[in-house]
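Notebook open, coffee poured. Today I want to look at what is packed inside this protein and where empty space is left.

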Amino acid sequence: MPLLDPRVPAVLLRIDRNPFHHGTLGAVRSLGRAGVEVHVVADSAKSPVHVSRYVRQMHPPPLPGATPDDILGVLRRVADRIARPAVLVPMDDACAIAVARMRKELAPSYLLPTMPDTLPERVADKAELATVCASAGVPHPVTLIPDSAARAAADARRLGLPLVAKWSRPWLLPSGSGLRSTVLVRSVQQARELYLRTEEAGSRLLLQSYLPPGPNRDWFFHGYADHSGTVRAGGPGRKRLDRPRGAGLTAVGCWTPNPQVQALAERLTGELGYRGIFDLDFRRCGTTGSYHLLDFNPRPGAQFRLFADSAGLDVVRALHMDLTGRPLPEGDPVVGRAFVVENYAPLAALRAAPGGRELAWYARDDRAPGWAMWALWTRHVSRRLRERLGATAAAPAPRPIPRASSPSLTDNEKASS
């Protein structure tokens with residue numbers, strides 16, 4: 001009997017237009033290699049995913065900023081096209097939240113984990129997450145939510161600089177605004193100015209105490225909570241390299257045992273009654289040694305394929321098997337296994353890993369997305385370089401400093417020059 005039920009297709013849903021989202025490609029390959037028919041509802045204009053041999057069909061996604069009704073309409077059209085129940089896998093926070101809200105409307109066309117409809121939104125909201133951690137006894141950075149520009153300045157002084165500023169619902173940030181979901185704030189004035197953009201951002205501004213990065217301090221945990229609430233598949237991983245450094249996505253990760261991180265993940269999902277795929281980010285405090293939860297993502301993390309165990313199980317496969325009634329195999333962790341995003345860490349892609357290594361884009365059995373990524377990445381880097389050079393050329397030339405002998409200087413000015 002095959003590991004996954006090939007009679008049940010899968011639909012991957014992503015609104016985010018980032019063409020370099022390698023997690024979507026990872027899900028396509030994971031399911032497609034197991035014989036599952038994979039449909040992708042995502043932007044195909046630039047993404048290398050659309051050339052994967054494991055994609056059965058690409059479907060036009062909802063537009064950025066789509067309402068739940070818009071997303072529902074798209075999913076219903078896809079369901080009519082497939083004409084049989086499918087496992088639905090949201091690949092970004094906005095999709096996970098919308099799908100949870102529409103659970104009843106999506107049934108029976110789509111198979112989904114059963115949990116409170118508002119739970120994905122609750123854990124994805126950075127402001128709510130602080131409350132969730134407090135109730136579950138999970139360490140979390142001190143978080144303040146200012147209600148005015150003056151309070152933002154006062155809170156910045158109270159927390160100390162530098163500090164971290166976050167928008168509580170980053171999926172609402174308008175494209176082209178220049179606003180980032182997370183910012184390292186280095187001045188009181190910067191905190192004040194960020195608060196003044198609250199209406200534009202669409203959600204509350206959070207100010208958090210800053211936990212400095214350092215060796216072995218950044219960790220993540222990917223898992224799947226099955227229908228009984230038991231955490232299956234996945235595991236703890238350590239960031240060896242991120243982009244940008246100290247506050248970015250995982251460029252190189254390693255499957256590393258960590259009982260403390262494992263226990264925190266199981267405690268939190270158990271307390272919440274969470275079901276489905278989740279991705280947690282932790283940072284260890286250099287002073288106390290405790291692991292603080294930074295983010296809870298109610299969907300697969302981009303590097304989830306790091307945690308493919310000895311039985312071939314990962315969190316996406318676990319979801320499909322659990323929802324189709326198949327028993328999950330008991331595999332062993334592949335300690336030391338590495339995951340490398342080669343456009344962010346090209347040299348690391350050449351190094352050996354004791355537990356094996358998976359690349360985000362290149363695969364021997366699916367080469368086209370890797371070549372497409374490099375072509376797209378080259379154009380992306382070239383465009384960014386041209387923009388920077390253009391900005392430099394457009395900047396006004398600095399005014400020359402007059403020499404001391406210039407007749408335009410007074411005697412006093414000459415003495416002080």
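**Entry 1: a histidine inside.** I started with His320, which is buried, with a relative accessible area of 1%. I'm working from a predicted model, so I keep that in mind throughout. Anything under 20% counts as buried, so His320 qualifies. I placed His320 in helix H11, residues 315-323. Next I asked what His320 touches, not counting residues up to four places away in sequence. I got Leu4, Asp5, Val8, Pro9, Ala10, Leu31, Val36 and Val87.

**Entry 2: the cores.** Nonpolar side chains tend to be buried together in soluble globular proteins, so I went looking for clusters. The largest nonpolar core has 42 residues. Those touching the most other members are Leu12, Val28, Leu31, Val40, Val316 and Trp361. I then checked which elements supply at least two residues each: they are strands S1 (10-13), S2 (38-41), S3 (55-59), S4 and S10 (218-225), plus helices H1, H11 and H12 (368-394). H11 gives the largest share of this core, five residues. That is the helix where I found His320.

I picked Val28 for a closer look. Leaving aside neighbours within four places in sequence, I find Val28 in contact with Leu12, Val38, Val40, Val49, Ser52, Tyr54 and Val55. Apart from the largest core lies another, of 24 residues, including Met115, Val231, Phe278 and Leu293.

**Entry 3: empty space.** How many cavities of 30 Å³ or more does a search of the whole structure find? I get two.

The largest has a volume of about 180 Å³. It is lined by 19 residues, and the closest to its centre are Pro90, Leu112, Pro113, Met115 and Pro298. Met115 had already turned up in the 24-residue core. Strand S4 (86-90), helix H3 (93-101) and strand S13 (276-284) are the elements giving two or more residues to this lining. By class I count 15 nonpolar, one polar and three charged residues there.

The second largest cavity comes out at about 60 Å³. I listed its lining as His22, Gly23, Gly26, Arg29, Ala302, Phe304, Arg305, Phe339, Glu358, Leu359 and Ala360. Which elements supply at least two residues of that lining? Helix H1 (22-33) and strand S16 (357-359) each do. H1 has the largest share, four residues. This lining divides into five nonpolar, three polar and three charged.

**Last note.** H1 is on two of my lists: it supplies residues to the largest core and to the lining of the second largest cavity.

How values were computed: Residues are numbered from 1 along each chain as its sequence is written. This is a predicted model: local features need pLDDT of at least 70, side-chain atom pairs count only at pLDDT 80 or more; totals for chains, interfaces and linings use all residues. Side-chain values use heavy atoms; hydrogens and water are left out. On a 1 Å grid over the protein atoms alone, a cavity is a set of points where a 1.4 Å probe fits but cannot get out, and a pocket is an open set with protein on both sides within 12 Å along at least five of seven lines; lining residues have an atom within 4 Å of a point. Grid points are joined across faces, edges and corners, and a volume is the space filled by probe spheres set on the points. Ala, Val, Leu, Ile, Met, Phe, Trp, Tyr, Cys and Pro count as nonpolar, Asp, Glu, Lys and Arg as charged, and the others, Gly among them, as polar. Buried means under 20% relative accessible area, exposed over 50%, partly exposed in between (1.4 Å probe, protein chains only). Contact means heavy atoms within 4.5 Å. A nonpolar core is a set of buried Ala, Val, Leu, Ile, Met, Phe, Trp, Tyr and Cys residues joined through side-chain atoms within 4.5 Å.
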